[in-house]
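Got the viewer open? Let's take a walk through this one together, selecting as we go.

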Amino acid sequence: METEAIGMAAEIDFSMLALFARATITVKLVMIALLVMSFWSWAIIIRKHLMFRSARAEAAVFDRAFWSGEPLDELFEKIGGDPQGASEKIFSAGMLEWRRSHRQDGGLIAGAQARIDRAMDVAIARESEALNKGLSFLATTGSTAPFIGLFGTVWGIKHSFEQIAISQNTNLAVVAPGIAEALLATGVGLIAAIPAVVFYNKLNADSEHITGGYEAFADEFATILSRQLDA
C-alpha cells in the first residue's frame, strides 16, 4: 500500500506552474500579489541604480567645473535659469540668493549668509527626497512579503487538511500536493522579500552618501561666499 502511494505521488507534477495551477484561488491571489511586489521592487532597484549612477557622474562633472578656477558668476551664467543636475540646482539656489541679497548700491542686505544657507538646504532637501522616492516600497516589501507568503501557506495547509478530512485518506499522494502548493507561497514571499531588503539597505546607504556629498559642497560653497561677505 505504501509503495502504491509513493508511486502515485511520483506521477504528480510538482513543477512551479503545476503547483500554482492546483492552488486555491486565495493562495493564487497571494502569489500573484507577491510576484507583482517583486516585479515592482526590481523596477525600483534598476531605476534607482541608474539614477544614482547619473547623480554621481553629474556631481563629478560639476565639481571639476566649480573648482576649475572659473569665476562663479560666469559659471552661473553658463548654467542659466534651468539647471539640470542636482549639484547645479544647489549651486544655482545659492548664487540666486547671493545676487538677490545685493542692493542696487552694491551693498548687502543683512542676513545674507543665513538666507543663502537656507536656500541651498531647501534645494538639498528636494534632491534628497527625489533620491529616496520609492525606497519605502522596498522596505515595505522586505518586511511584509514573508508574512503575506506565510498567510498563503497557512491557508493552503488548511485547505489540504480539509481535503484529507473529506477524502478520509492520509496517504502521500493525497497530502503531498496540497502541502507543496502551500509551501510555494512562502517561497515566493521570500523571493520577493530578500532582494528588497538587500537592495534597500544598499540604495539607502548610497542615497545618504550622495546627499552627504551635496551637503559637503554646500558647506564649501557657503564658506567661499562667507569670505566674500566678510571682505
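Start with the whole chain: in this predicted model, 38% of the 231 residues count as buried. Switch on the surface and you're looking at about 13,300 Å² of exposed area, with carbon and sulfur atoms supplying 64% of it.

Now go to cartoon view. You'll find 8 helices and 0 strands, so to speak an α-α-α-α-α-α-α-α run from the N terminus on. How much of the contact map links residues 24 or more positions apart? Among contacts with a separation of 6 or more, such pairs account for 78%.

Next, head inside. Select Phe66, Ile90, Phe91, Tyr214 and Phe221: these have the most contacts within the largest nonpolar core, a set of 32 residues. To see who builds this core, color helix 3 (25-66), helix 4 (72-79), helix 5 (86-100), helix 6 (112-132), helix 7 (135-167) and helix 8 (172-230); each one supplies at least two of its residues. Which helix gives the largest share? That's helix 8, with 10 residues.

Zoom in on Phe66 and show its surroundings. Leaving aside residues up to four places away in sequence, Phe66 touches Leu72, Leu75, Phe91, Phe217, Phe221 and Ile224. Two of those names, Phe91 and Phe221, were in your earlier core selection too.

Last stop: clear that and pick Leu34, Leu184, Val188 and Ala193. They are among the 11 residues of a second core, separate from the one you just left.

Methods: Residues numbered from 1 in each chain as written. Predicted model: local features only at pLDDT ≥ 70, side-chain atom pairs only at ≥ 80, totals over all residues. Heavy atoms only, no water. Core = buried A, V, L, I, M, F, W, Y, C linked by side-chain atoms within 4.5 Å. Buried < 20%, exposed > 50% of the residue type's maximum accessible area, 1.4 Å probe, protein only. Helix = DSSP H or I, 4+ residues; strand = E, 2+ residues; numbered from the N terminus. Contact = heavy atoms within 4.5 Å. Areas by Shrake-Rupley, 256 points an atom, 1.4 Å probe, with all protein chains shown as cover.
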